[in-house]
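Me: I'd like to learn how to read a structure like this one, feature by feature. Could you walk me through it?

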Amino acid sequence: MLAGRAAIVVGGTRGVGRAVAQLLAELGARVVVNGRDPDAVADTVETLGDNTIGFAGSPSDETTAAALTAACLDGWGRIDALINCAGIAEPPGSSILNISTADFDELIAAHLGTVFHMCRAVAPHLVARRAGSIVNTSSFAFLGDYGGTGYPAGKGAVNGLTSAVAAELREFGVRANVVCPGARTRLSTGPDYEAQIVELNRRGLLDEMSMHGALDAAPPEYVAPTYAYLASDLAAGVTGQILIAAGGFVGRFDRPTPSLLGYRDHHDSPPYTLDELHAMISGGSARLGGGGASGVSAGGAEGKPGPP
């Protein structure tokens, strides 16, 4: 399934990325491990062995992304999978009330920028071969439950970009999916992190289940198989999905679909009044007159996935 395949793992020197790189190598794939710290890259390559080569640098820069892509082609002669796991943490206590423009821009570049530059660099090679897999990393944080600004914005944008890439490349046999991992890494450990999670619960942003899941996450080895599956031929029919991997919990965010709140034929009806919109959007029900059109009010419960 993966023996002899060539994969780039961005952010592959620590946490989830390193666990993914290690599993791919154990399954026979040839891996290019990328990270910003040259020493961490060298250590990972030494640990993972002959099926691994390293490339240091941040692919949030398009020149680095192109060079990383070339390194895989030069080293292994092909690219079969791109796995983006790089990321940085939101500054402690960051919110829309205090974050600087520089910090926000850095978060967007680290998450969305890296994914964009790597997808743009690798996609033409996958399309030329009419095969391949892109696996990007998002987070439950895109829901906004964990606060912050650039981190949830970047992760939400990764979801949207991946959906667009999947739709565009489907006809060429190239797949693109997202994993929202829940794992204990350097970004999700330590007293500052724990205090932040408890505070989010106190403020009502995180429910009890989510809080306990965040404080007792499984090691990244429990997340890595989902990435490896998506990179393998077993997932040949899977694309455009946002999956969840958190310890023993595997789930999926279903594609959002609109629910009908009201309808009028604009050809023979005036625009809605503010009162009519209020009746629909606030959850009330009303029969809307005028032009022979009726309004429909629909509501539903929004459930949360399992532990983050």
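Me: Let's begin with the second largest cavity. Which helix gives the largest share of its lining?

Reply: The general idea comes first: rolling a probe the size of a water molecule over the atoms shows where empty space is left. Keep in mind that we are reading a predicted model. Here, helix H4, which spans residues 101-129, supplies the largest share of the lining of the second largest cavity, with four residues.

Me: Which residues line the second largest cavity, and what is its volume?

Reply: Its lining is made of Asn84, Cys85, Ala86, Ala110, His111, Thr114, Val115, Thr137 and Lys155. The volume comes to about 40 Å³. Sorted by class, the lining has four nonpolar, four polar and one charged residues.

Me: How many cavities of 30 Å³ or more are there?

Reply: The count is two cavities of 30 Å³ or more.

Me: Thr114 was in that lining list. Is Thr114 buried or exposed?

Reply: Thr114 sits in helix H4. Its relative accessible area is 4%, so Thr114 counts as buried. Setting aside neighbours within four places in sequence, Thr114 is in contact with Val10, Pro59, Ser60, Asn84, Ala86 and Ala109. Two of these names, Asn84 and Ala86, also appear in the lining of the second largest cavity.

Me: And Thr64, where is that residue found?

Reply: Thr64 belongs to helix H3. With a relative accessible area of 17%, Thr64 is buried too. Not counting residues up to four places away in sequence, Thr64 touches Phe55, Gly57, Ser58 and Pro59. For a C-alpha view, take Thr64 and His117: they are 53 residues apart along the chain, and their C-alpha atoms are separated by 8.9 Å.

Me: How should I read contacts over the whole chain? What share of them join residues at least 24 apart?

Reply: Start from contacts between residues at least 6 apart in sequence; in the protein chain, 67% of those join residues at least 24 apart. For the wider setting, the secondary structure comes to nine helices and eight strands. Buried residues make up 45% of the 308 residues.

Me: Now to charged pairs. How many salt bridges does a search of the whole structure find?

Reply: The search finds eight salt bridges. One of them pairs the side chains of Asp43 and Arg18, at 3.1 Å from N to O. Asp43 lies in helix H2 (residues 38-48) and Arg18 in helix H1 (residues 15-26), so this pair ties together parts that are 25 residues apart in sequence. Asp43 itself is partly exposed, with a relative accessible area of 39%.

Me: Which residues do salt bridges with shared partners join into one network?

Reply: Let's build that up pair by pair. Asp80 and Arg78 meet through their side chains in a salt bridge of 2.8 Å, N to O. Asp80 also meets Arg129 in a salt bridge, at 3.1 Å, N to O. Asp80 lies in the loop between helix H3 (62-76) and strand E4 (81-84), while Arg129 lies in helix H4, so that second pair ties together parts that are 49 residues apart in sequence. Sharing partners in this way, the salt bridges join Arg78, Asp80 and Arg129 into one network.

Me: Within that network, is Asp80 buried or exposed?

Reply: Asp80 is buried, with a relative accessible area of 7%. Arg78 is partly exposed at 27%, and Arg129 is partly exposed at 36%.

Me: What about cysteines? How many disulfides does the count come to?

Reply: In general, a disulfide is a covalent bond between the sulfur atoms of two cysteines. A pair counts when the sulfur atoms are within 2.5 Å, and here the count comes to zero disulfides. Cysteines are still worth a look for burial: Cys72 has a relative accessible area of 0% and is buried, and Cys119 is buried at 6%.

Me: One last feature, backbone angles. What phi does Arg130 have?

Reply: Most residues other than glycine have a negative phi. Arg130 is not a glycine, yet its phi is positive, at about 55 degrees. Arg130 is placed in the loop between H4 and strand E5 (132-137). At 53% relative accessibility, Arg130 counts as exposed.

Technical notes. Residues numbered from 1 in each chain as written. Predicted model: local features only at pLDDT ≥ 70, side-chain atom pairs only at ≥ 80, totals over all residues. Heavy atoms only, no water. Buried < 20%, exposed > 50% of the residue type's maximum accessible area, 1.4 Å probe, protein only. 1 Å grid on protein atoms, 1.4 Å probe; cavity = no way out; pocket = protein on both sides within 12 Å on 5 of 7 lines; lining within 4 Å. Points joined across faces, edges and corners; volume = space filled by probe spheres on them. Helix = DSSP H or I, 4+ residues; strand = E, 2+ residues; numbered from the N terminus. Nonpolar A, V, L, I, M, F, W, Y, C, P; charged D, E, K, R; others polar. Salt bridge = Lys/Arg side-chain N within 4 Å of Asp/Glu carboxyl O. Contact = heavy atoms within 4.5 Å.
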